[in-house]
Amino acid sequence: MTEPDGRARVMADAAARGLDVEFVERPAAGSLAEAAVLLGIDPRGIVKTLVVRRHTPSNAPNEYLFALIPGDRQISWSKLRAVVGVNKLSLPTAELALEAAGYERGTITPLGSSSPWPVYVDAVIVGSRVALGAGEAGFSAFVDADAFIAAFDATVADISA
C-alpha cells in the first residue's frame, strides 16, 4: 500500500525542485476516460506514469525508469527500447512497482518517488498542462509539462502510439 504521506512527499519534492503543483481532489474513477470527465479535461491531459523495468543480468538488482504517456495513447515498447538503448523492457508486477516508486499504481509519479529513476516523457505532452498521479488516491497533481520536464531533466521522445 502507498505510504500515507504520499501527497506530502510529492509536495516536498516539487518544492525542492521549484515546481508548482496544484492538487485537485476527485472521486474514484472506473477508467481514465471517467477520470478525465471528473477533472473536466481531455483524456490526453491525464498522463499515466508507468514504472518500467530494465532487464539486467540475473544477479544484478532491478533497474527501473518512469515512462510518462498521455492518457489517450499507449506505450510503444519498440520506440521506448530504442530511446533507452536496451533490448528488453517490461512492466513489473504491482508489488515491484510499489517497491520501486513507493506508490501504488494509479498514484505513481516521479515526484517524491522512493528512488530517483530516470524519467522519459512522451513528446506529445510538451507545451501543455497535465494531470499526474499525486502519490495518494483521490487526488490528481496538475503541473506545467515543460517545467516538470526541466525539473527532472527528463528525456523527451516519441515513445507512444
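The following paragraphs lead from the overall fold of this protein chain to one of its helices.

The model is a predicted one, and its secondary structure amounts to 5 helices and 8 strands. Read from the N terminus, these elements follow one another in the order α-β-α-β-β-α-β-α-β-β-β-α-β. The radius of gyration of the protein chain is 15 Å, close to the 15 Å that the globule rule gives for 161 residues, and the chain is therefore as compact as a globular protein of that length. Along the principal axes, its C-alpha atoms fill a box of roughly 45 × 35 × 30 Å.

Of the 161 residues, 45% count as buried, and among contacts with a separation of 6 or more, 66% join residues that are 24 or more positions apart. The surface that the protein chain exposes comes to about 7800 Å², of which carbon and sulfur atoms supply 52%. As for charge, there are 14 positive and 19 negative side chains, with the centres of the two sets lying 8 Å apart.

Helix α4 offers a closer view. Within this helix, which spans residues 94-101, Ala97, Ala100 and Ala101 are buried; they cover an arc of only 80° around the axis, which means that they lie on the same side of α4. An α-helix has 3.6 residues a turn, so residues three or four places apart point the same way. Glu95 and Glu99, by contrast, are exposed on the other side of α4. The buried residues of α4 pack against α1 (6-17) and against two strands, β2 (47-54) and β3 (63-70). After α4 comes glycine 102, whose phi is positive, near 85°.

Note on methods. Residues numbered from 1 in each chain as written. Predicted model: local features only at pLDDT ≥ 70, side-chain atom pairs only at ≥ 80, totals over all residues. Heavy atoms only, no water. Helix = DSSP H or I, 4+ residues; strand = E, 2+ residues; numbered from the N terminus. Rg over C-alpha atoms; globule rule 2.2 N^0.38 Å. Buried < 20%, exposed > 50% of the residue type's maximum accessible area, 1.4 Å probe, protein only. Contact = heavy atoms within 4.5 Å. Areas by Shrake-Rupley, 256 points an atom, 1.4 Å probe, with all protein chains shown as cover. Lys, Arg positive; Asp, Glu negative; His and termini not counted. Charge placed at Lys NZ, Arg CZ, Asp CG, Glu CD. Arc of directions from axis to C-beta.
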